[in-house]
Amino acid sequence: MTKREEYEKKTEELILPILQEHAFELVDVEYVKEVGNWYLRAYIDKEGGITVDDCELVSRRMSDLLDEKDFIPESYVFEVSSPGLGRQLKKDKDFVRSIGEAVEGKLFRAVDKRKDFEGVLRSFDKEAVVIETEGGQEMRLERDNIALIRLAIDF
């Protein structure tokens, strides 16, 4: 397990009881370096959407726990936020929640001479994702070939 994975796992373990207490869902945790600074981010959601007050509540409680446990030696910024409209689908629960929804994404290797795709998410398993394109055709996309898949934003 990498340092990043270890920090993310420990953060998940600490934050889950706080989220369960308030009926929030943990969407993702990431530990990333951006522009020379480390960030530990928790993305949360709930039925009807997350508010700024929800994020603040979780952030305050979690910040105290992170200070107490002190398992990350580097200095970092801790952030709690909503996953946003165009959130990336990463975990199986993201795919389950998104069955029947419009998705878009990019592939590492072209399929039918295309790297970009869009359609309605019909099914998934550990190896592949099946989408239905605008023409009604089903496309099976291997998960290890998907660089990015997220809910489509319709303006």
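Helices (H or I, at least four residues) and strands (E, at least two) are DSSP runs, numbered from the N terminus. The legends below use these names for a predicted model.

**The whole protein has 3 helices and 8 strands.** Read from the N terminus, the elements follow the order α-β-β-α-β-α-β-β-β-β-β. The C-alpha trace spans about 55 × 35 × 30 Å along its principal axes. Of the 155 residues, 35% are buried. The exposed surface comes to about 9600 Å², and carbon and sulfur atoms supply 48% of that area. Among contacts between residues at least 6 apart in sequence, 52% join residues at least 24 apart.

**The largest nonpolar core of the model contains 21 residues.** Ile44 and Val58 have the most contacts inside this core. At least two core residues come from each of these elements: helix H1 (3-21), strand S1 (25-34), strand S2 (37-45), helix H2 (52-69) and strand S3 (76-81). Helix H1 gives the largest share, with 5 residues. Another core, of 13 residues, lies apart from this one, and Leu107, Phe117, Val129 and Ile146 are among its members. In soluble globular proteins, nonpolar side chains tend to be buried together.

**Thr11 is a residue of helix H1.** Is Thr11 buried or exposed? Its relative accessible area is 0%, which is under the 20% limit, so Thr11 counts as buried. Which residues does Thr11 touch, leaving aside its neighbours within four places in sequence? Thr11 is in contact with Val29, Leu40, Met62 and Phe71.

**Glu56 belongs to helix H2.** Its relative accessibility is 35%, and a value between 20% and 50% is called partly exposed, so Glu56 is placed in that class. Lys33 is 23 residues away from Glu56 in sequence. In space, the C-alpha atoms of Glu56 and Lys33 are 22 Å apart.

**An open sheet is built from 5 strands.** Across the sheet, the strands stand in the order S7-S6-S5-S4-S8, and their pairing is antiparallel. Which strands form the edges? The edge strands are S7 (138-142) and S8 (146-151), and each of them pairs on one side only. On average, neighbouring strands of this sheet are turned by 45° against each other, direction ignored.

**Strand S4 and strand S8 are joined side by side in antiparallel fashion.** Strand S4 covers residues 102-111. How many bridges join S4 to S8? There are 5 bridges between these two strands. Within this pair, Lys106 has Leu148 of S8 as its bridge partner.

**Strand S6 and strand S7 form a hairpin.** There are 5 residues between S6 and S7, and Gly136 in the turn has a positive phi of about 90°. Strand S6 covers residues 128-132, and 5 bridges join S6 to S7 in an antiparallel arrangement. Ile131 stands opposite Met139 of S7.

**The side chains of strand S7 alternate between two faces.** Which residues of S7 are buried? Met139 and Leu141 point to one face and are buried. Glu138, Arg140 and Glu142 point to the other face and are not buried. In a regular strand the side chains alternate between the two faces of the sheet.

How values were computed
Residues numbered from 1 in each chain as written. Predicted model: local features only at pLDDT ≥ 70, side-chain atom pairs only at ≥ 80, totals over all residues. Heavy atoms only, no water. Core = buried A, V, L, I, M, F, W, Y, C linked by side-chain atoms within 4.5 Å. Buried < 20%, exposed > 50% of the residue type's maximum accessible area, 1.4 Å probe, protein only. Pairing = 2+ DSSP bridges. Axes fitted to C-alpha atoms, helices over the stretch in contact; angles between N-to-C directions. Contact = heavy atoms within 4.5 Å. Areas by Shrake-Rupley, 256 points an atom, 1.4 Å probe, with all protein chains shown as cover.
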